[in-house]
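Look at the structure below with its sequence at hand. The explanation after it takes one chain alone and then its meeting with another.

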Amino acid sequence: MSQVNGAFWSGFRQGLPFILVIVPFALLFGVIATEAGLSIVETLGFSVVVIAGAAQFTALQLMTEQAPTLIVLASALAVNLRMAMYSATLAPHLGKAPMWKRALAAYVLVDQVFAISSLEYEKRRDMSVAAKWSFMIGTAAPVVPLWYLATYLGAYIGSAIPPELALDFAVPITFLAMIGPALRTLAHIGAAATALAVSPMLIWVPHSLNIMLAGIAAMIVGAAIEKRMGGV
Amino acid sequence: MIETQTLWIVIIGLGAGSFFLRFVFLGLIGDRPIPDWILRHLRYTAVGFLPAIASPLVLMPPATDGQLDPARMAAGVVTLLVGYFSKSVLWAIFSGAVSLYGLLYLLG
């Protein structure tokens, strides 16, 4: 039991610094969502039900562009496809945990929780399944509640922000900021460059489908480069 | 204006779909192996879809009715470059916001 307890607090400590990433992002979502006309309850509902910033921004952006609901859902879920990769990476470590534990782990499986946990599992291969789960929940413990709280605060102050602040540009700035640090290999760069070029070229395609088409083309390019380079 | 009913369909649909994506291998497939080609494509979802959403907004901002806007264009380039070289999302956002406000002010 003490190993399990220790794992929780070790995860908690490693999760703490990510508050600095989570809080501004959630605040921004709260502000942008209320600017788009959402109530505080609706904005908070978004963050609690979905907990995935990039997908939430995508859905919001497409809804303000009046895209059909199916396209909104498909595009925002496509942004979240990486979560399936996180799930696959963690499955060998947590696949034997009880079902309710796996369900809870899936709910809190955000980028930061994945990054910290997968590194820790590689480093400390002697951890029990119970300890691994506690560690992961520990990393989420400071991050997830603050995600809700900062969304609420953002929604609360959002209505007080004047339009001169050009917040229309918050989504592209935030997304471009997330791309840079993710460009670790030539394959990542090839994928991102494909998407940057193809998406505006296909802007004439109806229902904002240019996003889906450019994103799929980018995945194919990235995977093809990776294969040619002999895996990374 | 976003309709309330549409909004809740999106929130619940996106929540259920995101949970499914996070749960699919962890909960349903357990610790069975997953084909390499699937993982290889999934690795490029984030770097594929984020720029696909951002680049039309940078090149054809709705705020200027789709006309190329030097301030927004430059801010986008600065954000991408600072993110790439600093490896820090927060520094990139900060630099992008400073260049956007600076240029909007200078270019009037």
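What follows describes chain A by itself and then the side of chain B that touches it. The model is a predicted one, and the values given here are computed from it.

Begin with the secondary structure of chain A. There are 12 helices in this chain and 0 strands. Followed along the sequence, the pattern of chain A is therefore α-α-α-α-α-α-α-α-α-α-α-α, with helices and strands taken as DSSP runs.

Next comes the overall form of chain A. The C-alpha trace spans about 55 × 50 × 30 Å along its principal axes. For 232 residues, a compact globule would be expected to have a radius of gyration near 17 Å; the value for chain A is 19 Å, which agrees. Of the 232 residues in this chain, 52% count as buried. The contacts within chain A can also be sorted by separation in sequence. Taking those between residues at least 6 apart, 76% join residues that are at least 24 apart.

Now turn to the two chains together. On the chain B side, 68 residues are in contact with 83 residues of chain A. Five helices of chain B each supply at least two residues of the side that touches chain A: H1 (4-29), H2 (36-42), H3 (45-59), H4 (70-86) and H5 (89-107). The largest share comes from H1(B), with 20 residues. By kind, the residues on this side of chain B divide into 46 nonpolar, 16 polar and 6 charged.

Notes
Residues numbered from 1 in each chain as written. Chains lettered and ligands numbered in written order. Predicted model: local features only at pLDDT ≥ 70, side-chain atom pairs only at ≥ 80, totals over all residues. Contact = placed C-beta atoms within 7 Å. Helix = DSSP H or I, 4+ residues; strand = E, 2+ residues; numbered from the N terminus. Nonpolar A, V, L, I, M, F, W, Y, C, P; charged D, E, K, R; others polar. Rg over C-alpha atoms; globule rule 2.2 N^0.38 Å. Buried ≥ 20, exposed ≤ 12 C-beta atoms within 10 Å, placed from the backbone.
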